[in-house]
Amino acid sequence: GAKKECPLTRGQMGRSTWEFLHTTAAYYPDKPSEEQQHAARGLIEAMSLLYACAHCREHFRNHVEAHPPDVSSRASFERWLCDAHNEVNEVLGKPKFDCSKIQERWRTGCREAKAK
Ligand code: FAD
């Protein structure tokens, strides 16, 4: 029979969300237009208000207020997200990710699995 499809656990949602966000940043323009920068800021702002885990989003909202996202280039947006994710990793006792490996992890690595 068909496998039952279930609502996400906090961990599943977290993983899917980080996968989406880091991939978005890895393909963000080097020289984003005003409209693209506005959209990137809006994405982070919306996440900090709507993310479906109340204590996660409160922690994230505090982080965003203390460290506003730098969306002025791909490298800066990637770095901002990497640092934000590392802060969550630290709270959860997970290893810190090496932010110099961002492009390899989320765009250029494992060529057969690239998004485009
Ligand atoms: P994840 O942390 O989901 O990471 C997925 C993959 O991303 C890793 O395997 C690694 O390859 C890569 N990666 C890891 N760190 C980085 C980095 N710094 N930069 C780039 N790539 C990286 N969970 C809670 O229990 N409490 C919380 O307060 C909480 N807050 C969250 C806030 C936000 C905004 C989000 C998106 C998630 C939050 N989560 C929280 C979920 C948590 O961060 C993890 O997603 C979840 O625990 C699953 O972890 P994971 O081990 O699968 O790897």
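By class, how many nonpolar, polar and charged residues does the shell around the ligand have? In this predicted model, the shell holds nine nonpolar, nine polar and four charged residues. Of the 22 residues around the ligand, G14, R15, C56, H85 and F97 come nearest. Four elements each give two or more residues to this shell: α1 (10-26), α3 (54-66), α4 (74-92) and α5 (102-108). The most comes from α1, which supplies seven residues.

The protein chain contains five helices and zero strands. Its pattern along the sequence is α-α-α-α-α. The C-alpha trace spans about 50 × 40 × 30 Å along its principal axes. The chain has 116 residues, and 10% of them are buried. Contacts between residues at least 6 apart in sequence were also examined. Of these, 55% join residues at least 24 apart.

The largest nonpolar core has 10 residues in all. Its members are A25, Y28, A40, V71, F77, W80, L81, C82, I102 and W106. Two elements, α4 and α5, give two or more residues to this core. The largest share is that of α4, with four residues.

One core member, F77, was followed through its contacts. Neighbours within four places in sequence were left aside. F77 is then in contact with A25, Y28, A40 and V71, and also with P69 and D70. Of these partners, A25, Y28, A40 and V71 are listed in the largest nonpolar core.

Note on methods
Residues numbered from 1 in each chain as written. Predicted model: local features only at pLDDT ≥ 70, side-chain atom pairs only at ≥ 80, totals over all residues. Near = placed C-beta within 6 Å. Nonpolar A, V, L, I, M, F, W, Y, C, P; charged D, E, K, R; others polar. Core = buried A, V, L, I, M, F, W, Y, C linked by C-beta atoms within 7 Å. Buried ≥ 20, exposed ≤ 12 C-beta atoms within 10 Å, placed from the backbone. Contact = placed C-beta atoms within 7 Å.
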